[in-house]
Amino acid sequence: MKNLLHLNWAIMGLGEIANEFAQSLNQVHEIYAAASRNPERAYNFAKKHHIKNIYASYEELLSDENVDIVYIATVNSQHYQNIMQCLQHNKHVLCEKAIWHNKHDMKKAYAFAKKKNVFLGEAMTIYYMPLYKKIKEMITQGKLGKLKMIRADFGSLKDPDPANRFFSKELGGGALLDIGTYALSFVQYFLSRPATELNYVISKFQTGGDETWSIHVKNDEDEIGNVHLTFRAKLPKQGIIAGEKGYITVDNYPRANTAILVYPNGEKETIVAGKTEQAMVYEIQGVEKAIASQNYALGSIETPLTSSR
């Protein structure tokens, strides 16, 4: 693969999230290519986002040697197949969440990416937001003291339609692989060491897809992580990082730019970093920086909590 001073991005799967990603990518540099099995959709997408190279099949796109990295935005159930196709063609991969359907696929894909010496990462904005980098620095500096608990809640009231993709096991639906990826990523990001214990309770929708979760993890530093998810009730998108010297509350945490530090005496401190509307730009820049420095471990997490299904 050529010297990656400038990456040629391609987009695979051209739905709603791909449109948002393309708008952000165009703020960084032009998009090299896009592909859809629907030629009309591919043409309209390319016209909207000023993309010169249009492909009516994924294989055609991957056969283009000028493509450096592929952003995968297909449905969850196709992610593993699409990831492996990209890796077989020596392409770097940024896959929309949830990147993994199960731990067995995850391990195969991760091992294959390492073998090919390419980047494989999940498009999870939490990993790239400036606010979270700042909070981690504060934790490292001892601002919170010894960490005790990280908590994240997310409730999304979905239409209880069995035909809805959110409740379809076949399409990779369910609360864990949708909203749960945000909550688990938040917890995992702030745990000082990986979780070694996992417990959970779950309730399922009539389709058999997972609807509601309460997940509890613990690591060997005695830090506890709690996650609460539901597809049939609203919960605040709130994350909390608690230590012996205070706690930090983050509202709307998937793309947050503001947090509140509360001390034991009740005093508060506002933490601000980055811009919410630039979340995907930070993500793109972070991935490109990792690839330029060959820091592929940034995007590939060997044992994400979501793999415990």
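## A strand pair and its crossover

Which residue in β6 is the bridge partner of Cys95? In this predicted model, the partner of Cys95 is Glu122, and the two residues belong to a pair of strands, β5 (residues 92–96) and β6 (residues 120–123), that run in the parallel sense and are joined over four bridges. To get from β5 to β6, the chain passes through helix α5 (residues 103–116), and the β-α-β crossover made in this way is right-handed.

The loops on either side of that helix each hold a backbone feature worth a careful look. In the loop between β5 and α5 lies Ala98, and the peptide bond that leads to Ala98 from Lys97 is cis, with omega near -5°. In the loop between α5 and β6 lies Asn117, a residue other than glycine whose phi is nevertheless positive, near 60°. As a general background, most residues other than glycine have a negative phi, and most peptide bonds are trans. Asn117 counts as partly exposed, because its relative accessibility is 44%.

## Two cysteines without a bond

A disulfide is a covalent bond between the sulfur atoms of two cysteines, and the structure holds zero disulfides. Why is the sulfur of Cys95 not bonded to its closest cysteine sulfur, in Cys86? The sulfur of Cys95 is 8.7 Å from that of Cys86, and this is too far for a bond, because a disulfide requires the two sulfur atoms to be within 2.5 Å. Seen from the other side, the closest cysteine sulfur to that of Cys86 is in Cys95. Cys86 is buried, with a relative accessible area of 0%, and Cys95 is buried as well, also with a value of 0%.

## The eight-stranded sheet

Eight strands form an open sheet with mixed pairing, and their order is β8-β9-β10-β7-β11-β12-β13-β14. The edge strands, each pairing on one side only, are β8 (195–204) and β14 (268–272), and from one strand to the next the twist averages 15°. Within this sheet, strand β7 (residues 147–155) pairs with strand β10 (residues 224–230) in the parallel sense over seven bridges, and Asp153 stands opposite His228 in β10.

Two helices pack on the sheet. Helix α6 (residues 130–140) touches β7, β11 (235–243), β12 (246–251), β13 (258–262) and β14, and its direction makes about 135° with that of β14. Helix α7 (residues 180–190), in turn, touches β7, β9 (210–219), β10, β11 and β12, and its direction makes about 170° with that of β7.

## Two further loop residues

Thr74 is found in the loop between β4 (69–72) and α4 (79–88), and although it is a loop residue, Thr74 counts as buried, because its relative accessibility is 11%. Leaving aside residues up to four places away in sequence, Thr74 touches Met12, Gly13, Tyr58, His79 and Asn82. With Asn82, the side chain of Thr74 also makes a polar contact, side chain to side chain, at 2.7 Å.

Is Asn252, in contrast, buried or exposed? Asn252 counts as exposed, because its relative accessibility is 51%, and the cut-off for this word is over 50%. Asn252 is found in the loop between β12 and β13, and its phi, near 50°, is a positive value in a residue other than glycine.

Terms used. Residues numbered from 1 in each chain as written. Predicted model: local features only at pLDDT ≥ 70, side-chain atom pairs only at ≥ 80, totals over all residues. Heavy atoms only, no water. Buried < 20%, exposed > 50% of the residue type's maximum accessible area, 1.4 Å probe, protein only. Polar contact = N/O pair within 3.5 Å; in protein donor to acceptor, adjacent residues only side chain to side chain. Contact = heavy atoms within 4.5 Å. Pairing = 2+ DSSP bridges. Axes fitted to C-alpha atoms, helices over the stretch in contact; angles between N-to-C directions. Right-handed = clockwise from strand over helix to strand, strands pointing away.
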